[in-house]
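I opened my notebook to look at how the helices of this model pack. My entries follow the structure.

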Amino acid sequence: MSEPIAPPEQAPARPESTRTGPGRLLVAVYGLFALSASARAGVQIATKFSHAPVAYLLSAFAGVVYILATATLANGSPTARRIAVVSCSVEFAGVLAVGTWSLVDPATFPDATVWSGYGSGYGFVPLVLPVFGLLWLRHWAKRAAAQRTSMPAARDEAETAGGGAVDARQR
Amino acid sequence: MSSVSGALPTTIIVAGLALAGYALLMTALNRRMGLVLLVALGVLEILLLVLVATIVVRLVGGGRPAGLPTLIGYLIATPLVPVVAGFWGALERSRWGPAVIAVAGLVAAVLMVRLHEIWPVIRV
């Protein structure tokens with residue numbers, strides 16, 4: 001195996017922002033869904049909107065939610081994290097509501113959305129993604145709270161720099 | 001009209017899944033991005049570019065799928081997958097860099113199935 005082992009000091013090191021560490025994977029998957037959901041909805045609305053208007057509008061809505069979550073998780077500032085919590089919550093509620101709706105009333109969904117059948121067309125990734133997103137954001141909310149109580153002086157620096165100051169200190 | 005040979009998409013599926021498996025192993029072993037993963041991504045990129053070229057040749061030759069706009073979108077997005085994943089993963093100096101590469105490998109495999117659904121002459 002020629003892949004370098006992560007240096008020892010990095011193994012327990014805490015990620016510097018919501019976009020690093022596990023967040024790197026999260027942002028990648030969110031970006032993937034942002035692109036695929038919005039591009040798909042765009043093509044469907046432009047070419048055959050009357051075929052399944054409800055499904056296509058819901059796809060477009062899902063695309064907007066994914067774009068918002070991707071951008072805010074990649075940004076990682078306190079304000080961005082608050083918006084990310086809202087978009088991940090809306091996303092989770094959306095996949096549960098649309099998933100149930102698509103099973104109860106299949107006639108409204110002649111064509112699938114990202115969230116139909118709880119995301120079954122996408123390997124149920126749409127169902128688990130917001131859960132991981134919210135867990136990741138909760139981890140960050142706790143960290144910010146701990147930072148506020150333990151080192152109030154460093155708080156503004158670390159928070160406003162999106163973790164950049166922490167990054168510089170570690171190197 | 002004859003079909004595009006299924007050999008290349010099948011190769012891409014196998015390569016994508018193998019890359020995903022190796023990358024996930026690197027994540028499990030707490031390794032970060034290295035040369036092997038970047039070379040493997042490069043190989044996947046070349047395979048995808050060759051596939052896109054054969055499909056474009058088929059389009060220029062007069063073939064038309066039902067969902068042409070969707071196919072064009074896929075032809076643009078597909079070669080970007082390893083490139084974007086490579087940059088995004090290389091920025092990460094922890095085990096989560098290879099995890100991003102694993103996603104790219106899985107996505108490449110899934111895209112082959114989607115391409116076949118969009119235009120069945122693209123065999124898998």
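Are α1(A) and α5(B) roughly parallel or roughly antiparallel to each other? I looked up the axes of helix α1 (residues 22-48) of chain A and of α5(B), which come within 7 Å and cross at roughly 25°. The two helices are therefore roughly parallel to each other. (Under 35 degrees counts as roughly parallel, over 145 as roughly antiparallel, 65 to 115 as roughly perpendicular and the rest as oblique.) I note that axes are lines fitted to C-alpha atoms, for helices over the stretch in contact, and that angles run from 0 to 180 degrees between N-to-C directions.

Ground rules next. This is a predicted model, where local features need pLDDT of at least 70 and side-chain atom pairs count only at pLDDT 80 or more, while totals for chains, interfaces and linings use all residues. Residues are numbered from 1 along each chain as its sequence is written, and chains are lettered from A and ligands numbered from 1 in the order in which they are written.

Entry on the same helix pair. I find that α1(A) meets α5(B) through residues including Leu25(A), Ala28(A) and Val29(A) on one side, and Val100(B) and Val103(B) on the other. (Contact means C-beta atoms, placed from the backbone, within 7 Å.) By class, I get 10 nonpolar, 1 polar and 1 charged. (Ala, Val, Leu, Ile, Met, Phe, Trp, Tyr, Cys and Pro count as nonpolar, Asp, Glu, Lys and Arg as charged, and the others, Gly among them, as polar.)

Entry on the whole contact. I see 24 residues from chain B and 19 residues from chain A. On the chain B side, α2 (35-60), α3 (68-77), α4 (80-90) and α5 (96-118) each give two or more residues. The most come from α5(B), with 6 residues. (Helices are DSSP runs of H or I, at least four residues, and strands are runs of E, at least two, numbered from the N terminus.) I record 13 nonpolar, 6 polar and 5 charged residues on this side.

Entry inside chain A. I looked at helix α3 (residues 78-104) and helix α4 (residues 125-150), which pack at an angle of about 150° with their axes 9 Å apart. They are therefore roughly antiparallel to each other. Among the residues that meet are Val85(A), Cys88(A) and Phe92(A) in α3(A), and Leu134(A), Leu137(A) and Trp140(A) in α4(A). I list 14 nonpolar, 2 polar and 2 charged residues for this contact.

Last entry. Just after α2(A), I find Gly76(A) with a positive phi of about 85°.

Terms used: Contact = placed C-beta atoms within 7 Å.
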